Amino acid sequence: TDGPAVDEAQEADEGSPVSRALEGIREEVAALSDGRVADYIPELAHADPDTFGIAAVSAHGRSYCVGDAEHAFTLQSISKPFVYAVAVEELGLDAVHGHVGAEPSGEPFNAISLDERGRPENPMINAGAIVTTSLVRGTEGRFEHIRSVLSDFAGRRLSVDEDVYRSEAETGHRNRALGYLSLAGGVLVGPVEEAVQDYFRQCALSVTVRDLAVMAATLSVGGVNPVTGRRVVSQRTARHALSVMASCGMYDRAGEWGLRVGIPAKSGVSGGILAAAPGAFGLGVFSPPLDEAGNSVRGVAALERLSDDYDLHML
Ligand code: DON
């Protein structure tokens, strides 16, 4: 493959300047106490609001982790740009966008947001992500294919948190409704229940902040996992995923995010945020309390600081 050799990837020591800088930001941002842990998926309500970890992986595959870096949480919406990449890789960009738009919706993640052609506005809101999942085929079965590619992004085999999966499968009726609307609009490839179940499973994949940073770094460097050296998606597909993250990844905060942070990113309701600074760093942050848009309060603050201090803004 064309990535760096595996033995080049190493855990940088804790005393490195990058780790010290991350620790400084973590300590400062930990003082923020606002936000609320998501509870509409009942299992997520058990999260400890004080858990807080930050990880960075460089374009050369070096990783730097501070705080609760080994704590496992579920991907939730952070799965969306990666499943979008799976669909684009399999079907091509135009075919995927026959089913889902590419415009920021300016609306919450669970909005009923369909464009004039009956397509969900973009693949980052729930409606668009469920449609995107429905498009994936894969020879080994849809979810196994999704799990396998997302595992390649992370550089290790990811498993499903069955409790979170079950909790969302039992309560996620709004997502089912979004699926049926998209089926009625002719853009979801049915059956709806199968698409929604696979969407719940992808959302329940269990990760750490280090996994997020490796996944982000893989997009940042154009589709080759910098830790394993394996190509996961084409350079073009990686760019497409970064593009939709940049325009739609932070929902109705996408504009504000672009202004203040300026790094393609994706948040999830469990409290994770993944950010991919093109050509530079993959970043992962986890802290469960969320703002009203469903983005981690400390995660947003930490990434704002990182972007500012290290000049990571794209523009
Ligand atoms: O579909 C849902 O509601 C969740 N599985 C994922 C939503 C989510 O993570 C929104 N992001 N902040």
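**View 1. A polar side-chain atom of S77 sits 2.6 Å from an oxygen atom of the ligand.** Welcome to the binding site of this predicted model. Two further side chains are worth finding here. Q76 places a polar side-chain atom 2.7 Å from a nitrogen atom of the ligand, while N126 has a polar side-chain atom 3.1 Å from a ligand oxygen atom. The ligand on its own would expose 340 Å², and the protein buries 100% of that.

**View 2. The shell around the ligand is made up of 15 residues.** Among these, Y40, Q76, S77, E168 and Y199 come nearest to the ligand. Sorted by class, the shell has seven nonpolar and seven polar residues, plus one charged residue.

**View 3. The ligand takes up the space of the largest cavity.** With a lower limit of 30 Å³, the count comes to one cavity. The space in this largest cavity is about 70 Å³.

**View 4. The lining of the largest cavity includes Y40, Q76, S77, F109 and N126.** Follow the wall further and you will also meet E168, N175, Y199, C203 and V269. By class, this lining has five nonpolar residues, four polar residues and one charged residue. Some names will be familiar from the earlier views: Q76, S77 and N126 belong to the cavity lining, and a polar side-chain atom of each lies within reach of the ligand, at 2.7 Å for Q76, 2.6 Å for S77 and 3.1 Å for N126.

Terms used. Residues numbered from 1 in each chain as written. Predicted model: local features only at pLDDT ≥ 70, side-chain atom pairs only at ≥ 80, totals over all residues. Heavy atoms only, no water. Near = heavy atom within 4 Å. Polar contact = N/O pair within 3.5 Å; in protein donor to acceptor, adjacent residues only side chain to side chain. Areas by Shrake-Rupley, 256 points an atom, 1.4 Å probe, with all protein chains shown as cover. 1 Å grid on protein atoms, 1.4 Å probe; cavity = no way out; pocket = protein on both sides within 12 Å on 5 of 7 lines; lining within 4 Å. Sits in = over half its atoms within 2 Å of the grid points. Nonpolar A, V, L, I, M, F, W, Y, C, P; charged D, E, K, R; others polar. Points joined across faces, edges and corners; volume = space filled by probe spheres on them.
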